[in-house]
Amino acid sequence: MSKNTALYILISILIGTISFGVFWHMRLSNTITMLAEDKEVLRTEIAELKTQTDQTIADLGSTIDTLTKDRDGLKESLEEAREENESVEKKVSTALKTVETLSKLAATDPELLQKYSKVYFLNEHYAPPQTKAIDKKYLYTETDVEYLHAEVMPFFKDMVEDALDDGIELYVVSAFRSFDQQKSLKSAYSVTYGTGANTFSADQGYSEHQLGTTVDFTTTGINGGLTGFDTTPAYTWLTKNAYRYGFVLSYPKNNQYYIFEPWHWRFVGTDLARDLHNDKKYFYDLDQREIEEYRATMFD
Ligand SMILES: [Zn+2]
């Protein structure tokens, strides 16, 4: 091979190599440029996605806020509705109670809590709607027959039985007395005691006994009498306990109507009896208007 031929080949190889290099260089630059463009596009897309995501998060936040507010609003409405319902329920219950009280009041004898005793006159035809004979074992004289207002009977029995459990014997001497019975009793007393009878015996129509709610008690040790009853344990027991059964002492010491009548106990209902006991007052200390408030529930 001549020198020229070798040179020629060498130059050809050189040119070939350079051309190849240039070609690849151009191709690579092209690729780099394209990649850079792609990167830019991706960056823009990411930025857009980020904006969208931020927006979505913000939207979600605001939706949650709205829902929370709605929920609170609903809670409030529910609470208001509940309160309103309660208030309606209360009103209905008050109205029902009023109706109950009124019907009880209508059903309770208006005479039962009247102040008698020279103050208020009871019609001569008045008699309790229903009386019951008192069990013989509670009478001092077993041949006697005594009647009591039917609705007072359970309270009376409870009291006498509980007294007996405490070792106290209470016996009835006198309970319901009709207008006529009272009339003849007063006449008999007046024959014996003259006008002095007015201090311990009511005129007919003014006696609490005509109501059927009142009882005169005796006990062992005083021969079935009334005198001296205030010195007995039975009287002490009654002053401590009778109010629990709705019974009160009508004529305490120094009352303005009659002499002290420790044996004479009138049923006025447990509410009134308890309040009188707590206030250390007697039935006749109250106004009729104050007493009336207890009438509807006197047999509860
Ligand atoms: Zn009496």
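# A guided tour from helix 1 to the nonpolar core

Begin by selecting helix 1: not one of its 105 residues counts as buried, so sparsely is this helix covered. Helix 1 comprises residues 3-107. At 1.5 Å a residue it should span 156 Å, and the 150 Å between its end C-alpha atoms agrees with that expectation. The model on display is a predicted one.

Next, show the whole protein chain as a cartoon. Its secondary structure consists of 6 helices and 6 strands, arranged from the N terminus as α-β-β-α-β-α-β-α-β-β-α-α. Of the 300 residues in the chain, 25% are buried. Among contacts with a separation of 6 or more, 67% join residues 24 or more positions apart.

Now select strands 3, 4, 5 and 6. They form an open sheet with the order 3-4-6-5 and antiparallel pairing. Strand 3 and strand 5 are the edges, each pairing on one side only. From one strand to the next, the twist averages 45 degrees. Inside the sheet, strand 4 and strand 6 are joined in the antiparallel sense over 3 bridges; to locate one contact point, pick Asp216, whose bridge partner in strand 6 is His264.

The largest nonpolar core is the next selection. Which of its 43 residues touch the most other members? They are Val172, Phe217, Phe247 and Val248. The elements giving two or more residues to this core are helix 2 (153-165), strand 3 (171-174), strand 4 (214-218), helix 4 (233-241), strand 5, strand 6 (264-267) and helix 5. Helix 2 makes the greatest contribution, with 5 residues. In soluble globular proteins, nonpolar side chains tend to be buried together.

Centre the view on Val172. Leaving aside residues up to four places away in sequence, Val172 touches Ile134, Tyr138, Leu139, Tyr140, Glu146, Val215 and Phe217.

Finish at helix 5, residues 270-278, and colour its buried residues: Leu272, Ala273 and Leu276. Viewed down the axis of helix 5, these buried residues fall within an arc of 100 degrees, so they line one face of the helix. An α-helix has 3.6 residues a turn, so residues three or four places apart point the same way. To see what this face meets, add strand 5 (247-249) and helix 6 (288-292), against which the buried residues of helix 5 pack. The last stop is Lys280, just after helix 5, which takes a positive phi of about 50 degrees.

Conventions
Residues numbered from 1 in each chain as written. Predicted model: local features only at pLDDT ≥ 70, side-chain atom pairs only at ≥ 80, totals over all residues. Buried ≥ 20, exposed ≤ 12 C-beta atoms within 10 Å, placed from the backbone. Helix = DSSP H or I, 4+ residues; strand = E, 2+ residues; numbered from the N terminus. Arc of directions from axis to C-beta. Contact = placed C-beta atoms within 7 Å. Core = buried A, V, L, I, M, F, W, Y, C linked by C-beta atoms within 7 Å. Expected span 1.5 Å × (residues − 1). Pairing = 2+ DSSP bridges. Axes fitted to C-alpha atoms, helices over the stretch in contact; angles between N-to-C directions.
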